[in-house]
Structure formats: structure tokens, C-alpha cells
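Me: I would like to learn how to read the contacts, burial and packing of a model, one feature at a time. Could we begin with a single residue and work outwards from there?

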Amino acid sequence: MIGNDIDVKVVPLRADEDVVRMRQTLRECLVSIGFSLIEQTKMITAASELGRNTLRYGGGGEAHIEKVTDGGRRGVILSFIDQGPGIADVNLALTDGYTTGNGMGLGLGGARRLADDFELITAPGQGTTVRIAKWKLF
Amino acid sequence: MERIPILKMGQLLLVTIQVDMHDRLAMTLQDDLTTRIVKDRAKGVLIDISALDLVDSFIGRMINNIAAMAKILDADTVLVGMQPAVAITLVELGLTLEGVKTALNVERGMTMLKLGSFS
């Protein structure tokens, strides 16, 4: 079995500038994997949405940028983790246009559309983790 | 405090965004532009995003807000130089830009504003 390279960068998300730093770190990672410009743009845009959510609604948290080799494919798994209030109604949160703030309500649904894989782990009072992944086939 | 420069060219205001903007900077730009439209009695706003490799929903909302406020102040807004990857991503994100015309480059954008080709 080919060994797993563990390559995770942790970026704290406590201020607006952190979201920018996270985007830049992600860009470097995506370029190193060999993603096309369009794939990079989609993923970084999704990450920007989720990073902002962590900051605005989650009370701050962190992003994990993990480069993964999984059998015949290479990719990146992003996790956005906060210890905030959690999401009470996931289906509502995923509906385009729904926002509990001043946003456009496109972040969660948009991230799901822009990424290959999407996972949402949340419960009221339990914080929120959103995970998205993009894969490059060899 | 960092600010994005706004240039006055006759009755047009020109903004070229060349940095990776964080949210606060985007809000400042929104406020600055609106203030300048009134102060300079501008009839048109040209936002050059040819250097932006990312437009997310927050920046999209900033652009929509600028266009809406400009309209209320009797000025038109043109967005210039959107990169193809950005356009593709915006569609998939589900973001529509409202009240904003687009042009390929600054020259065309300025022509549009001068001709007043807005309904």
C-alpha cells in the first residue's frame, strides 16, 4: 500500500485578514496539485464563502487545508471548524437566498455546487464543521 | 488605514481593484465611492476588476450595492475586465450582478458611460 502523506495546514480564522491569508495558502496548495485556473477559482471562492461563515456566524475558528493522495487521485480537503452556535435547520441554511445576517445566502449552497464533495456536521450548541473536497485524477 | 484609490476623470470615477480585498476593505470602498459620487457629482463609476482572480458573494454584494447607490445618486456603473474563471464561478455560485453593465476593458467601459447607454 502506498503510504499516506499527511500534509495539513491550519489557518486560524479570527479576523478578515485571516480569510485572505487562508485563500492565499489554499491557492499555493491548489497550484502545487496541478488544478486548472477554473478549478482553483471555484475552490477558493467556495473557501472564501465558508471562511467568512466561520468568522461571521461561528464566532471565529480555523481552516484545515489538507493535501491528499487517495489511490489514483490527488486532491485537497478543506475543513472549516468553529465552536459557535451551530446550525439549527440545515435544509434552510442550504437554501439559496436564506441568510441570518446581511449576506446573500449563497455561501453554503454555493460551496456545495463549486466543490466535488461537501459535508456539513453541525448541531445547535455544538459548533459547525463544513468540509469540501476537490479531486484531480491522475 | 488602507484604502483603494478612486480616480476622478471628468464626470467619471475610476476604481481599479488590484489587491486581494478583505471584507472590511470592501466595505470601506463601498462607502468611499458613494461619498465621492456625491462630492464630485459623478455621472458614472467604472470598476476595473481585471486584476481580481476572485469575486465571491461578499464582493458581488459590494458591487451590487455600489451600483444601486450610484443609481439613486443618478450615476451609472460599469464593471470592467471580469476574468473568465470568475464569470464561470459567479454563475455556479448563483450570484447575479444587478444594475451593473459589464465591459471588456476600460476604454469600452468609458465609452458606454459617456454614451449613456443605460435604460
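Reply: Let us begin with A:Asp96, bearing in mind that this is a predicted model. Once its neighbours within four places in sequence are left aside, A:Asp96 is in contact with A:Gly105, A:Leu106 and A:Gly109, and also with B:Gly94 of chain B.

Me: Where in chain A is A:Asp96 found, and is A:Asp96 buried or exposed?

Reply: A:Asp96 is found in the loop that joins helix 3 (90-93) to helix 4 of chain A. Burial is judged by counting C-beta atoms within 10 Å, where 20 or more would make a residue buried and 12 or fewer exposed. A:Asp96 has 16 other C-beta atoms within that distance, and is therefore partly exposed.

Me: Which loop residue of chain A would serve as a second case for the burial count?

Reply: Take A:Ser36, in the loop between helix 1 (16-33) and helix 2 (37-56) of chain A. With 11 other C-beta atoms within 10 Å, A:Ser36 is exposed.

Me: How should I read separation along the chain against separation in space?

Reply: The two are best set side by side for a given pair. A:Ser36 and A:Lys136 are 100 residues apart along the chain, while their C-alpha atoms are separated by 9.5 Å. For A:Asp96 and A:Val19, 77 residues apart in sequence, the C-alpha to C-alpha distance is 22 Å.

Me: How many residues does each chain bring to the contact between chain A and chain B?

Reply: Chain A brings 24 residues and chain B brings 19. On the side of chain B that touches chain A, at least two residues come from each of helix 1 (23-39), helix 2 and helix 3 (84-93), and helix 3 gives the largest share, with six residues. Sorted by class, this side of chain B has seven nonpolar, seven charged and five polar residues.

Me: How do helix 4 of chain A and helix 3 of chain B lie with respect to each other?

Reply: One looks first at the distance and the crossing angle of the two axes. The axes of helix 4 (residues 107-114) of chain A and helix 3 of chain B come within 8 Å and cross at roughly 120°, and the two helices are therefore oblique to each other. From helix 4 of chain A, A:Gly110, A:Arg113 and A:Leu114 meet B:Thr89, B:Glu92 and B:Leu93 of helix 3 of chain B. This contact has two nonpolar, two polar and two charged residues.

Me: Which residues have the most contacts inside the largest nonpolar core?

Reply: That core has 64 residues, and those with the most contacts inside it are A:Leu26, A:Met43, A:Ala46 and A:Ala47 from chain A, together with B:Val45, B:Leu46 and B:Ile63 from chain B. Its largest share, seven residues, comes from helix 2 (residues 57-72) of chain B. To follow one of these residues, A:Met43 is in contact with A:Leu26, A:Leu30, A:Leu114, A:Ala115 and A:Lys134, apart from its neighbours within four places in sequence.

Me: How is chain B built as a whole, and how does its radius of gyration stand against that of a compact globule?

Reply: Chain B has four helices and five strands, which follow one another from the N terminus as β-β-α-β-α-β-α-β-α. A compact globule of 119 residues would have a radius of gyration near 14 Å, and the 13 Å of chain B agrees with this. Of the contacts in chain B with a separation of 6 or more, 75% are between residues 24 or more positions apart, and 39% of its 119 residues are buried.

How values were computed. Residues numbered from 1 in each chain as written. Chains lettered and ligands numbered in written order. Predicted model: local features only at pLDDT ≥ 70, side-chain atom pairs only at ≥ 80, totals over all residues. Core = buried A, V, L, I, M, F, W, Y, C linked by C-beta atoms within 7 Å. Contact = placed C-beta atoms within 7 Å. Nonpolar A, V, L, I, M, F, W, Y, C, P; charged D, E, K, R; others polar. Axes fitted to C-alpha atoms, helices over the stretch in contact; angles between N-to-C directions. Parallel < 35°, antiparallel > 145°, perpendicular 65-115°, else oblique. Rg over C-alpha atoms; globule rule 2.2 N^0.38 Å.
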